[in-house]
Amino acid sequence: MAIGKSNKLSQTAVLKQILKRCSSLGKKHGYDDNGLLIDVPKGHFAVYVGENRSRYIVPISFLNHPEFQRLLQRAEEEFGFDHDMGLTIPCKEVDFLSLISMLR
């Protein structure tokens, strides 16, 4: 019985180490405890644009602009909103940069 108890304790210790590593894994990759990206400031969100899916951080206030809303409608039609990559905007990167420079 003592061997079984000792084995259980070591398994518990190993499991705790694994859980600790897994819980810090997201933090190492830029995510907080809630699964939100750390580098995205409050009041902003990340979008991915163009063929290379370049990442941009944009203010939430852009959601009020009709031009940006049209891009979101195109994104919904083309990609839907249920995918792992994040919000992908279906336009050329240069066009997106032009749009956001006008919205600022």
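Which residue does valine 49 stand opposite in S3? Keep that one in mind while you get your bearings; the tour comes back to it. One thing to know before clicking around: this is a predicted model.

**Whole chain**

Start with a cartoon view coloured by secondary structure. You should be able to pick out three helices and three strands, and walking along the sequence gives the pattern α-β-β-α-β-α. If you switch on a surface, the accessible area comes to about 8,100 Å², with 56% of it belonging to carbon and sulfur atoms. Of the 104 residues in the chain, 24% are buried. For the contact-map fans: among contacts with a separation of 6 or more, 40% are between residues 24 or more positions apart.

**The sheet**

Now select the three strands. They form an open sheet in the order S2-S1-S3, with mixed pairing. S2 and S3 are the edge strands with a single partner each, so one side of each has no neighbour in the sheet. Tilt the view and look at the twist: neighbouring strands are turned by 40° against each other on average, ignoring direction.

Zoom in on S1 and S2 next. This pair is antiparallel and has six bridges. Select phenylalanine 45 and you will find valine 58 as its bridge partner in S2. Then move to valine 49, which stands opposite serine 54 in S2. In the hairpin, four residues sit between the two strands, and glycine 50 takes a positive phi near 80°.

Swing over to the other neighbour of this strand. S1 and S3 run parallel and are joined by three bridges. Here is the answer to the opening question: valine 49 stands opposite isoleucine 89 in S3.

How many of the six residues of S1 are buried? Five of them are, so S1 is largely enclosed by the rest of the structure.

**The helices on the sheet**

Bring back H2. This helix packs on the sheet and touches S1, S2 and S3, and its direction makes about 105° with that of S3. Click on leucine 72, which lies in H2. Its relative accessible area is 16%, which is under the 20% cut-off, so leucine 72 counts as buried. Put a distance monitor from leucine 72 to isoleucine 89: the two are 17 residues apart in sequence, with their C-alpha atoms 6.9 Å apart in space.

Add H3. It lies across S1, S2 and S3, running at about 15° to S2. Show the side chains of Phe96, Leu99, Ile100 and Leu103, which are the ones buried in H3. Look down the helix axis: these residues cover an arc of only 90°, which puts them on the same side of H3. What covers the buried residues of H3 includes S1, S2, H2 and S3. Now spin to the face turned away from that buried side, where Val94 and Met102 are exposed.

**The core**

Last stop: hide the cartoon and show the nonpolar side chains. As a general backdrop, nonpolar side chains tend to be buried together in soluble globular proteins. The largest nonpolar core here has 16 residues, and those with the most contacts inside it are Val47, Val49, Val58, Phe68, Leu71, Ile89 and Phe96. Colour by element to see where the core comes from: S1 (44–49), S2 (54–59), H2 (66–79), S3 (87–89) and H3 (93–103) each supply at least two residues. H3 gives the most, with four.

To finish, pick valine 58 and expand the selection by contact. Which residues does valine 58 touch once its neighbours within four places in sequence are set aside? You should get Gly43, His44, Phe45, Val47, Phe68, Phe96 and Ile100. Phe45 in that list is also the bridge partner you met in the hairpin, while Val47, Phe68 and Phe96 are among the residues with the most contacts inside the core.

Technical notes. Residues numbered from 1 in each chain as written. Predicted model: local features only at pLDDT ≥ 70, side-chain atom pairs only at ≥ 80, totals over all residues. Heavy atoms only, no water. Core = buried A, V, L, I, M, F, W, Y, C linked by side-chain atoms within 4.5 Å. Buried < 20%, exposed > 50% of the residue type's maximum accessible area, 1.4 Å probe, protein only. Contact = heavy atoms within 4.5 Å. Pairing = 2+ DSSP bridges. Axes fitted to C-alpha atoms, helices over the stretch in contact; angles between N-to-C directions. Arc of directions from axis to C-beta. Areas by Shrake-Rupley, 256 points an atom, 1.4 Å probe, with all protein chains shown as cover.
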